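Trainee: I would like to take a close look at one part of this structure with you, and I would be glad of a patient, connected explanation.

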Amino acid sequence: MSTLDDQANQAVNAETSEAEETAFQVNDQRKGSGGYIILFFILGFVASLIVGWVIFPKLLYSQRKQPVEFNHALHNGEVDEACESCHFFREDGSYSGVPKLAQCIDCHEEVQGESEAEAKFVSEYVQKNREVPWLVYSRQPPCVFFSHAAHVKKAGMECVECHGPIGESESLKPYEQNRITGYSRDIWGANIAGLKKNAWDRMKMDDCVECHRTNNVNQGSVQTHKGGCFVCHH
Amino acid sequence: MQFGSGGYLPPAHSTFGGCGLPHCQIAEKQKTYDNGSKKLPDPSIRLNGVNWPAKIEDDGARSPIENRQFKGVLMEKGKAKKNKKFGMVIDLDKCTGCGSCMVACMAENNVSFREDETDKLLSVTWMRVYKLTNGKPFPDSEICYLPRPCMHCEADHGHSPCVSVCPATATDYDMNTGIVSQIYTRCFGCRYCMAACPYQVRVFNWYDPVWPDGMEKMLSPNVSVRMRGVVEKCSFCFHRYQLAKDKAYYEGRQDLEEDEYQTACTQACPASAITFGNLNDPDHAITQIVRPDHQLGGRSKNPRAFRLLERLGANPKVYYLSNREWVRHSGDNYRPDEVKL
Amino acid sequence: MKIDRRSFLSFVIGGAAGTAFTPLPWKLTDDSAIWTQMWPWTPVPDYGEVSYVNSTCTLCPGGCGITVRKIEERVVKIEGLSGHPVNDGGLCLLGLSGAQLLYGPRRVKTPLKKVNGKFRRISWDEAIGELATKLADLRAKGGSHKVAFIAASDQGTLPELINRFLTVYGSPNFIRTPSILDSYELTLDLMHGVQALPGFDIENTDFVLSFGSGLLDGWGSPVHMFRANSSWRDRKSTVVQIEPRLSNTAAKSDKWIPIKPGTEGALALGLAHVIIKESLYKKDFVHNYTIGFEKWRRPVVDGFSPDIVAKITDVDQTTITDLARKFARASKPLAVCGRGRGTTPGSLKEFMAVHALNALVGNLNMAGGLWTIPDADYIDWPELEMDDTASTGMQKGRIDGAGSQNYPHARYLFNRLSEVINSASSPPIDVLGVVGSNPVYTAPDTLSTKEAFEKIPLVVSFSSYMDETAEMADLILPNHIYLERYEDVPVISGIKYPLIGLAKPVIDPQFNTKHTGDVIILLAQALGGFIANAFPWESYEACLEETLGDKWETLLQQGFWLNVSFSPPSWAKAFETASGKFEFVNDQIDALPRFSSLKPEGKEASFPLVLIPYDSMRLQREFIGNPPFVIKTVEDTVLKANDVLVEISPDTARPLGLKEGGYAELSTPKGSARVKVHIYDGIKPGLVAIPAGLGHTAYSKYLAGKGVNINSLIGPVEDPASGHDAAWGIRAKLSKA
């Protein structure tokens, strides 16, 4: 980014000095290249838009496939307690997150159905007793303390409010990892401009703060006069 | 009354500025030290004939800024909810200086260690036990140990010395708990807070933390591992509060019992010298021991109790108990003519 | 159309302007800011299910209950177990840093054999096979008594297994590392006629008279003592500490009596003098349940009047008289002894003098007094069948001379070992096993200990850590550490109830280690015959479960087994001496040399000062060296960089021209060291105090090379009465360097 900026600055500087020079020159020279200049400007403008909106996101994120294909919708139809059937709370109030192999084995000790993914899952993981290295879309940086209990149990929020309708998905999207930060793309959101339509489109700190402010939760900070930092950080 | 060479506390005259807001009296309070009185100055005497703090929290009267900013937290489901104010009282007559609190803290909070930890200015320690001596020659010499966590100063409405100076909003005073937080990822290491802290509780990470040979397996995920270049300090094991609340929420409770949230040092102390709890809850042991006088900036009504650098007005939430007068007097910097021991 | 300079610039400006309308600059700014928040090399611990496993800490004899916090299969933290009779939730700093020992950098990860001075990895089968062959050869040659084992305790199944192995193999040489337990056991044996452990009802006592015991510096069961101290504060009990240095114990006491070191026994007799003279003793007990009082009182009354004692001890007469009166008039007084942490057995006569005080005030087996606790008796294995080789071997005397004519009372004399080995023409020990101890570091006179160890043809270390002894060993058969293994721990550290703790595996073994109990069983099986028959168990765990019988379930569930209904026998039944009474004197006691204060080694002319070691909770001086967390807590007035600071009083420093923090050369008859000086008002002039527990050469870089090992400056001084080590200090010289 800095390189581009520098170039832009140089360009602006150069342009200024150019302007001073040309003031002493004859007019017809301008007439000759005027159209081209605008054309090149537009060319540069469009090229950078393409770079910024199309190429940059592709370069910024690396894509990885999940180790095993997974159908949330299918499972959701089989279980009794919706999301909490697999993504449950432990007795100490902590949240179990992505299920461990031991939970899957409850049903998947033998191959169920005829899908390729199922066969792979059983042979690669169940039979070898290896944990599946799931890639977690919503993993927050290590400095973040997020209490599922506070949001789900105390505030009564639905999973979908932050995670979206992932429970209805039939396949897992590729996991996109930011090459600079190392975090999942879902934190910034799919939209490279950082725009969101739904509450679950982004998981940035601003989104947490916004909701906390609206609902007047833990607004005890002296420094910021709003949310206290220790509420979500440790 | 001298702090042993194991460490020292800076003189009360080390200054820190106020936050500049009209309600902030910290800068002005500096003037109260040298009133020339031969008597031990009463910490309650404040400037301009106004008792400090002007408003107290418990009686329902709140300063304008609190009314403006924090009204929301006070109300929950139509019921008044009192803010918590976690504090600690340490009985120095029971403390044996064994160092359990220090290690309990290190193990709980992923504190790093290096090959040579004898330069105490570089040594990362949240809880540090100081050795006080009465300065008398043999055989009248006495020693006393003084464990020093972060004081979590409330100062004037949360304008703790460190919070007031942090340019990065990395440290903050939380009115809900009375805990001074430190967010490592926010800190950029300017160390203003270290200069401002009258108690030397803050330490700077001069080095990258290294855990040898697989020892990083003992790191706890509940506390961020700090990196080189940031300041860290005691958090009153805030993550334990978070985890205890999680459990309570899971069990459908809104509030915690006293014993559900205790710091690691409190729990480990073999002498049970440390009592931790909510100073705003009259049922908590700490409130009954300390009997804080909210009219006088939280000063204790217990004659055995004192706070460090009481006259600074930082309103720390860590209290100490001792029967020995010289110990109580080593908590502050008195001129020789003020105190005769 | 030609691309001239202006067109190019136009293109660039267009590009820059366009970029501003893309997310690129803003996103990169944000991402790079996030990147700087967490360097990739900073470890990020994983979340997971938290579980707690209860166990017993075996890092010292204290017997604390612990609860280990695990996240999935990682040990994250060790905490004290609430409700445990010893520590009730509290824990000392060593126990708290146990995870650093588990994951520590100096674990022995696999069996090692020294070849040409370097350790080489070998398999367990090879290691046990080799050792078994060596033992079989030695036995065939009639040298079975030339095998010895050193262990830290003689109680519990593991020491008993070792002892059983030695017996059936044919060696009497099981050696326990020394401690004040040696002297207390002897005192109880001679005066009560019982084989028992001392138990202190410290929770109920209202006057504690400590003759240099570091009650708050690691004596007894440290955490238990801290709790007791808090209860003394709450109950307004009195604690009097008699020692030459203002230790933490002295600092917390109600009265500190700085005494000339080594004369504590004389002070005890001086107090007895006042108590007898003023008729303050408990007449009911003394008249009805003791014998030899008249005979004992004569020398006490004649030779230990306050004025005489004042001269011996440097404690003034009024203090002595006052103290005696207060002690005798207290409702539940208790006198305890054993200096510092109690790592040196000390003078037997001093123990007996102090114990006589307890008898005078009649606190034996009474509330707030000293109780006799019977040795644990749950180990009930089938009678041994022995072959002739074994019987012959067992009849040969012990190598350390314990139980012989010269040392009839001592059971183990670890302190004589180096001397015996070094003075012999051919090695009296061929194979030495070292279990749960680190004698090369802990034995006084490091130089001669090392010399002796070098002379032993085969030293086998069972240590989990690369400590000083393991480094010198020829074979290391690493044990699991206490968090990875089962072990029963009969608590011997002064708790007033019979108490057994159970250490159990909280985590799978991290390395290729093996339980020493299993190694012993495998060795026996490899040796075959009667030896194999003596070990009918398939594993240590099976042996333990069978041995503990109905206690096993309780131990598994609760972590400890406590005989709550225990009460010490009444006076009428308590004494098993010939007279059936408490004996102030008897034939055996009479045969011991008369009481006199023990002098330190060295001549005053060349060594004008006296060096004394001091103990601190923050420095471990026994088997376990300080883990990184613990060494971190050491004050900079004790250790600065790699230099140890010795304490001297300003009066001692001045004539020597020594200043705070300055270097000095400290020399004793045993060695010399470069030290720094800390001027301390809390020490008697003429003394130099040095912290014990530093000066390791082994363990990790976090500990090795820091400070000086006190044992390299001090040697053992044989107690004329018992033969145990009674050195409390050594003459020394300090000069500016």
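Trainee: How many salt bridges does the structure hold over all chains? Please then look closely at the contact between chain C and chain B.

Mentor: This is a predicted model, and over all its chains it holds 60 salt bridges. Seven salt bridges are counted between chain C and chain B, and the contact in which they occur takes 69 residues from chain C and 68 residues from chain B. The area buried between chain C and chain B is about 5700 Å², with carbon and sulfur atoms giving 57% of that area. On the side of chain C, the residues that lose the most area to chain B are C:K252, C:F629 and C:K632, which together account for 13% of what that side buries.

Besides the salt bridges, 28 residue pairs are in polar contact between chain C and chain B, counting pairs with both residues at pLDDT 80 or more. Several elements of chain C each supply at least two residues of the side that touches chain B, among them the strands β2 (65-71) and β3 (74-80) and the helices α8 (222-234) and α27 (628-632). The largest share of that side comes from α8(C), with seven residues. If you sort the residues of this side of chain C by class, you find 34 nonpolar, 16 polar and 19 charged.

Let us now go down to one pair in this contact, C:K77 and B:E108, whose side chains meet in a salt bridge with 3.0 Å from N to O. C:K77 lies in strand β3 of chain C, while B:E108 lies in helix α4 (residues 100-108) of chain B, so the pair joins two chains. Both partners are buried: C:K77 has a relative accessible area of 1%, and B:E108 likewise has a relative accessible area of 1%.

For a pair within one chain, turn to C:D31 and C:K27, which form a salt bridge with their closest N and O atoms 3.1 Å apart. Both residues lie in helix α2 (residues 24-37) of chain C, four residues apart, which is about one turn of the helix. C:D31 counts as buried at 2% relative accessibility, and C:K27 counts as buried at 1%. Returning to the pair across the contact, we can add that salt bridges sharing partners join B:E108, B:R240, C:R69, C:K77 and C:E79 into one network.

Chain B has an internal pair of its own to set beside these, for B:E154 forms a salt bridge with B:K85, and the closest N and O atoms are 3.1 Å apart. This pair links distant parts of the chain, 69 residues apart, with B:E154 in the loop between β6 (143-148) and α5 (161-165) of chain B and B:K85 in the loop between β3 (79-80) and β4 (86-91) of chain B. B:E154 is buried, with a relative accessible area of 6%, and B:K85 is buried too, with a relative accessible area of 8%.

It helps to set the contact of chain C with chain A beside the one we began with. That contact takes 37 residues from chain C and 42 residues from chain A, and the area buried between the two chains is about 3500 Å², of which carbon and sulfur atoms give 72%. One salt bridge is found across the interface of chain C and chain A, and in it the side chains of C:D30 and A:K204 meet at 2.7 Å, N to O. The count of residue pairs in polar contact between chain C and chain A is ten, with both residues at pLDDT 80 or more. On the side of chain C that touches chain A, α1 (5-20) and α2 each supply at least two residues, and the largest share, 14 residues, comes from α1(C). By class, this side of chain C has 19 nonpolar, ten polar and eight charged residues.

Finally, a word on the cysteines, since the count of disulfides over all chains comes to zero. The sulfur of B:C98 has its closest cysteine sulfur in B:C269, 6.4 Å away, which is too far for a bond. B:C144 is also in no disulfide, the nearest cysteine sulfur being that of B:C95 at 7.0 Å.

Methods: Residues numbered from 1 in each chain as written. Chains lettered and ligands numbered in written order. Predicted model: local features only at pLDDT ≥ 70, side-chain atom pairs only at ≥ 80, totals over all residues. Heavy atoms only, no water. Contact = heavy atoms within 4.5 Å. Buried area = accessible area lost by both parts, 1.4 Å probe. Salt bridge = Lys/Arg side-chain N within 4 Å of Asp/Glu carboxyl O. Polar contact = N/O pair within 3.5 Å; in protein donor to acceptor, adjacent residues only side chain to side chain. Nonpolar A, V, L, I, M, F, W, Y, C, P; charged D, E, K, R; others polar. Buried < 20%, exposed > 50% of the residue type's maximum accessible area, 1.4 Å probe, protein only. Disulfide = S-S within 2.5 Å.
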